[in-house]
Amino acid sequence: LSQLVATIEMYLSHMNLVNTSTALHRLAKLWTSDSDLQANAAAEATAKALMVQARSVLARASASGTAPSSQALANITWAMATLLVIDEDLLKAIAASAQSQVQSFKPFELSTILWSFAKLHLQDEMLCTCARPLFGAAAAYIPGTVEEFTFRCLVATIWGFAAFRFADDGVFRCTANQMVSMVHTANCGELANTAWAYGSVGIRHDRLFQELARRGNMRMHEFKQQELSGILWGFAANGFFHTAFFTNALASLQRMDLTPQQLANTLSAITSKKARSAPTMLQAVMALLPQAARQCVSFSMTELAAAALAAAKVARSIDTGKKKGQGKGQELPADFAGNFCSAIMHQALNRLKELSEQMLVNVAASFLLANAPGAVVILAAVGREALDRLQALENPVLLNLIRVFSVELGSLQPPALLEGACQGMFRALFAEAARRMDSLKPKEMTALAELCTQPLGLTSSPEEMTAGDLRSCCFALATTGGAAQMPLSLLDKLIEEEDAILFWVPDPIENPRQPGPQVREARAMATAMWKTPGMVNPTV
């Protein structure tokens with residue numbers, strides 16, 4: 001690395017765009033594998049100098065009307081994404097040039113530059129808004145050339161679109177059709193990244209998923225923890241279930257040491273509606289929940305909420321099955337979900353501010369459905385947090401909170417003070433619903449009318465209520481209303497994917513090769529995006 005830095009510094013002022021891109025690419029490959037702190041400090045300064053030179057050369061090319069090398073543009077962007085040493089002006093210039101000449105990119109170059117901008121987008125969304133037109137141009141170009149892409153390039157491309165949150169249906173459909181006949185060439189990382197990409201944008205392609213599951217089943221022993229938990233999540237996010245793959249994957253995961261994110265991915269996936277009918281699901285949940293409880297201090301709050309929701313789904317499913325006479329073979333400790341929620345309650349109470357509004361709903365609903373000790377404490381805390389955000393809540397979240405605070409709490413024997421706090425939140429929510437009546441959609445107004453009917457003892461059909469009638473009902477509940485005393489079944493809709501999907505999208509399965517801790521220390525850079533190791537790393 002030191003020799004490379006010295007050579008670059010010697011010739012830097014004479015380098016053209018191809019030279020600078022090649023030097024940056026080589027520097028990035030060596031830097032991430034070198035543990036010499038002094039050499040890495042020098043390499044960072046050299047990388048920045050190369051980017052300044054590249055920006056100058058690119059500006060001259062633009063002024064003269066000369067199209068820059070597509071490979072050079074891809075190389076430079078890949079180097080910035082790999083090193084996380086970024087020149088914002090250079091990044092904008094590359095995005096503009098790449099968009100204008102997207103048709104000159106070879107498949108490998110295009111997939112690399114898209115992957116690189118997506119990787120940078122995960123680090124800083126605002127930084128990469130300049131690349132949105134490039135993704136639009138690529139979305140128009142790719143369907144006509146998709147047959148020229150290798151499977152590896154296709155994976156990098158859809159990973160890029162998914163991580164950039166550019167869910168172009170045409171790109172994902174044509175890519176899936178092309179991938180079906182090529183899945184046999186995929187390694188486990190590529191299988192997992194494909195499932196993650198389609199799951200994160202909510203685009204389902206059954207033929208492709210069947211092939212991913214079939215190929216994955218054949219290579220089950222080769223999967224790493226992150227790949228296996230991620231592919232399960234991707235399938236579940238799109239409502240896809242493959243019995244053989246699911247059974248074998250659960251058996252493998254129970255033999256692995258899983259990180260918090262992997263546990264959250266897996267628990268969310270294996271408790272999806274279709275998966276809950278699998279006979280191996282309960283055994284897996286019972287094996288994974290104790291792992292999650294032991295690691296709860298290391299979970300992000302979103303991951304804790306996802307795990308609690310998974311436990312509540314299973315508990316509710318078993319309870320409902322027993323009431324229907326379908327509980328045979330569903331033997332679990334009666335309080336397994338409640339015990340898990342109790343184990344994470346301290347973490348949840350201290351970190352509610354980290355949650356999105358819908359995840360606040362999830363946490364409260366999970367504790368109630370699990371019949372957890374302290375559920376009313378969580379409910380009151382969620383109420384206080386939601387009250388601080390009340391005017392910013394989206395209408396669907398507001399309605400879901402009304403559902404949560406309408407549930408009968410008597411069986412939980414709440415202290416009078418906490419019960420009063422929950423009733424106060426119940427009234428505040430209806431006051432807010434009355435205030436924003438004119439912004440509610442017809443479906444939302446019908447749902448709100450249904451929530452007003454029981455506590456007010458109304459006999460009229462919710463569909464017959466006018467906006468004025470509904471506003472009056474909300475005002476009545478806001479001023480004099482107590483708890484609605486509704487059954488827990490009111491919350492069943494909140495825990496099913498058809499209505500809730502999965503309220504989070506986990507980090508991409510794999511990121512580029514991660515530098516060692518000494519290198520990160522020397523660079524002193526933010527590393528929040530390095531949560532998951534080792535994305536298939538395109539090299540140009």
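Over which residues does the pLDDT stay under 50, with 93 contacts beyond four places in sequence in the model? Select residues 510–540 to begin, since that is the stretch over which pLDDT stays under 50 and for which the model has those 93 contacts beyond four places in sequence. Keep in mind throughout that this is a predicted model.

**The whole chain**

Colour the chain by confidence next: the average pLDDT is 86, and 86% of the residues score at least 70. Over residues 497–504, by contrast, the pLDDT is below 50, and this stretch has 24 contacts in the model beyond near neighbours in sequence. Where pLDDT is low, the predicted coordinates should not be read in detail. Switching to a cartoon view, you will find a secondary structure of 25 helices and 0 strands. Of the 540 residues in the chain, 57% are buried, and among contacts with a separation of 6 or more, residues 24 or more positions apart account for 78%.

**Helices H5 and H7**

Now select residues 88–100, which form helix H5, together with residues 132–141, which form helix H7; their axes come within 8 Å and cross at roughly 20 degrees. That angle falls under 35 degrees, and H5 and H7 are therefore roughly parallel to each other. The crossing in which H5 passes H7 is left-handed. To see where they meet, show the side chains of Ala-95, Ala-98 and Gln-99 in H5, and of Pro-133, Leu-134 and Ala-137 in H7. By class, this contact of H5 with H7 has 5 nonpolar residues, 1 polar residue and no charged ones.

**Two loop residues with positive phi**

Step back along the chain to Leu-84, which is found in the loop between helix H4 (70–83) and H5. Its phi is near 55 degrees, a positive value in a residue other than glycine. Leu-84 has a relative accessible area of 5%, and it therefore counts as buried.

Then move to Arg-165, in the loop between helix H8 (151–163) and helix H9 (169–180). Phi of Arg-165 is also positive, near 60 degrees, again in a residue other than glycine. With a relative accessible area of 41%, however, Arg-165 is partly exposed.

**Helices H20 and H22**

For a second helix pair, select residues 395–405 for helix H20 and residues 442–456 for helix H22, whose axes come within 11 Å and cross at roughly 15 degrees. H20 and H22 are therefore roughly parallel to each other, and their crossing is left-handed. On the H20 side, display Asn-395, Pro-396, Leu-399, Ile-402 and Arg-403, which meet Glu-444, Ala-447, Leu-448 and Leu-451 in H22. The residues of this contact divide into 6 nonpolar, 1 polar and 2 charged.

**Leu-491 and its surroundings**

Keep Arg-403 displayed and add Leu-491, because Arg-403 is among the residues that Leu-491 touches. Leu-491 itself lies in the loop between helix H23 (467–480) and helix H24 (497–500). Is Leu-491 buried or exposed? Its relative accessibility is 0%, so Leu-491 counts as buried. Not counting residues up to four places away in sequence, the residues in contact with Leu-491 are Ala-365, Leu-368, Leu-369, Arg-403, Val-404 and Val-407. Finally, draw a distance from the C-alpha of Leu-491 to that of Ser-406: the two residues are 85 apart in sequence, and 9.6 Å separates them in space.

Terms used:
Residues are numbered from 1 along each chain as its sequence is written. This is a predicted model: local features need pLDDT of at least 70, side-chain atom pairs count only at pLDDT 80 or more; totals for chains, interfaces and linings use all residues. Side-chain values use heavy atoms; hydrogens and water are left out. Axes are lines fitted to C-alpha atoms, for helices over the stretch in contact, and angles run from 0 to 180 degrees between N-to-C directions. Helices (H or I, at least four residues) and strands (E, at least two) are DSSP runs, numbered from the N terminus. Angles under 35 degrees count as roughly parallel, over 145 as roughly antiparallel, 65 to 115 as roughly perpendicular and the rest as oblique. A crossing is left-handed if the near helix is turned anticlockwise from the far one by less than a right angle, and right-handed if clockwise. Contact means heavy atoms within 4.5 Å. Ala, Val, Leu, Ile, Met, Phe, Trp, Tyr, Cys and Pro count as nonpolar, Asp, Glu, Lys and Arg as charged, and the others, Gly among them, as polar. pLDDT is the predictor's confidence in each residue, from 0 to 100. Buried means under 20% relative accessible area, exposed over 50%, partly exposed in between (1.4 Å probe, protein chains only).
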